[in-house]
Amino acid sequence: MLHLQPIVLPVMCWPCEADRRGPKRRLKHKSLEEIKHTGAITYNAMIQNKDRRQSLTTTQRRTDLTQATCSPDMKPQSCFEEFTPIITADESDDEAYLFQCSSAGLYQCSVTGLVFVMKAEGDVVYRTVPWNRRLLAQHHKKPAGPLFDIKCQQQSVCQLCLPHCELISTGGGQFLKVAHVDNLEDIEFITPHQITETHVVINITGFSGYGNVRDENSPAEPVQAMVLLFYKPPEELNLRSFLNVLLLPRNIVIHDVKNQRRELVGEEMYIDVPSKCILYPKQVYTLSTVPDDDLIIVQPNEAEFNEEYPNYSITTFQVILKTIITDINLSVTHKGSSSCIWEREVCLLPNRVRSMTASPKKRLLNVRSSFIDRISGPVLSSLIDKLLEKGLMVDGDREEADAMQSRSDRARFVIDTVRRKELHQPKTSLSTSHSVIFR
């Protein structure tokens, strides 16, 4: 087991660790002035003036930092100041984060979990970038977290604390190092100054890419993980919806996952529920639901937890809901031991779904425009047959609809005919017409 002592993070740099890193390759890095001209970030949109630093959203939780004796695994309010970075994107929609620091201290990013130990004021610009897996493999390493490209023109960051997902209390983290990557080809591996329950702490003198790595052949240890939920509500003409479940290591950046999934699968609703759990890499898990019936399908039946990057936007389980469900119970179970490692009651009733559960009369009115615009000719003909079969249209209605040349005119006639019958039909008949149209 790795025995750790509390780490003191004063407002100053730790002694140089060059002797612990071994021979260091010469690394290059760009200044913020160079970044202005490379298009890497929209610099002018981020740097306005010093007064803007005062408007940066922060949680004022700073204690006497010159005498603070604490580690990043402690609660933020006890030893460092949490800040929300400014987020900007360039013409290619590549996002970057900006932290405008006005004084020395310890600061944690609320989006990425990074902790910066600042020896003076400065502008820190950072973003996540892809790993060069081939380069890591040459050194028998693999990613153990995101790779952050970090720049500070004033060189005022003297320590960096990278979030990890290892279980230090049970002996994890022994194979962790920090990769310092520059120009995607130059790389060195830094032995951490300290590993706390949540962060890997290193002294830094240069900037560019930093990220946690593990030995390629290191044993698979249990890790701190989380279960993320992304929901695609039913469309107006279809009651089917999808709940995508992701099993991920806890040190991923949720903001980046949302962005990547938006590119992969389109718009989804992120459901914020307590997500923390412990998972074993390379082991198999199952997902169960309550209710459990033919209207709910879980695929696949089981899945292996893969903690490696960059696969953190890929769906682990998909729950297909064939009808409107307002609440569902989800549980993740370890297949080998049959032990439940995560269980939550999830509400699936956003405003859009609430409109789907409105009265049949109101729903027909709500979807009238989209029904007219979207329904195809063959589907419309089939719908007229069903309405005629159910007694919701008469032969005269069908003949009048068939005489119309325009598909949109036929669609408008059909839905308005059904809506007009609302004044003369009992509630049960109205519900029947509603169910035929929305099937």
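Helix α11 covers residues 377-389, and its 13 residues reach 19 Å from the first C-alpha to the last, close to the 18 Å expected at 1.5 Å a residue. The model is a predicted one, and this helix is a handy place to start reading it. Buried positions in α11 are Leu380, Leu383, Ile384 and Leu387. Looking down the helix axis, these buried residues fall within an arc of 105°, so they line one face of α11. That fits the general rule: an α-helix has 3.6 residues a turn, so residues three or four places apart point the same way. On the face turned away from the buried side sit the exposed residues Pro378 and Glu389. Just after the helix comes Gly391, with a positive phi of about 80°.

Helix α13, spanning residues 407-420, has 14 residues and reaches 20 Å between its first and last C-alpha atoms, close to the 20 Å expected at 1.5 Å a residue. Its buried residues are Arg410, Ala411, Phe413, Val414, Ile415, Asp416, Thr417 and Val418. The charged residues Arg410 and Asp416 are thus part of the buried set in α13.

Turning to the strands, seven of them make up an open sheet with antiparallel pairing, in the order β3-β4-β7-β8-β14-β10-β11. At the edges stand β3 (86-89) and β11 (186-190); each has a single partner strand, so one side of each is left without a neighbour in the sheet. On average, and ignoring direction, neighbouring strands here are turned by 30° against each other. Helix α7 (residues 254-265) packs on this sheet, where it touches β3, β4 (95-101) and β7 (122-129). The direction of α7 makes about 155° with that of β4.

Within the sheet, β14 (residues 208-215) sits between β8 and β10 in the strand order. This strand is mostly covered, with seven of its eight residues buried. Towards β8 (residues 141-152), β14 is joined by seven bridges, and the two strands run antiparallel. Here Lys141 stands opposite Asp215 of β14. Towards β10 (residues 176-182), there are six bridges, again with an antiparallel run. In that pairing, Val178 is found opposite Asn212 of β14. Strand β10 also pairs with the edge strand β11, through five bridges and in antiparallel fashion. One of the matched pairs there puts Asp182 across from Asp186, its bridge partner in β11.

What about the cysteines? Cys158 is buried, with a relative accessible area of 1%, and Cys161 is buried too, at 0%. As for disulfides, the structure holds zero.

A last stop is the loop between β23 (327-334) and β24 (339-347), which contains Ser338. Is Ser338 buried or exposed? With a relative accessible area of 58%, Ser338 counts as exposed, because the cut-off for that class is over 50%. Ser338 and Thr286 are 52 residues apart along the chain, while their C-alpha atoms are separated by 9.2 Å.

How values were computed:
Residues are numbered from 1 along each chain as its sequence is written. This is a predicted model: local features need pLDDT of at least 70, side-chain atom pairs count only at pLDDT 80 or more; totals for chains, interfaces and linings use all residues. Side-chain values use heavy atoms; hydrogens and water are left out. Buried means under 20% relative accessible area, exposed over 50%, partly exposed in between (1.4 Å probe, protein chains only). Helices (H or I, at least four residues) and strands (E, at least two) are DSSP runs, numbered from the N terminus. Two strands pair if DSSP finds at least two bridges between them. Axes are lines fitted to C-alpha atoms, for helices over the stretch in contact, and angles run from 0 to 180 degrees between N-to-C directions. Contact means heavy atoms within 4.5 Å. A disulfide is a pair of cysteine sulfur atoms within 2.5 Å. The expected span of a helix is 1.5 Å times one less than its number of residues. The arc is that of the directions from the helix axis to the C-beta atoms.
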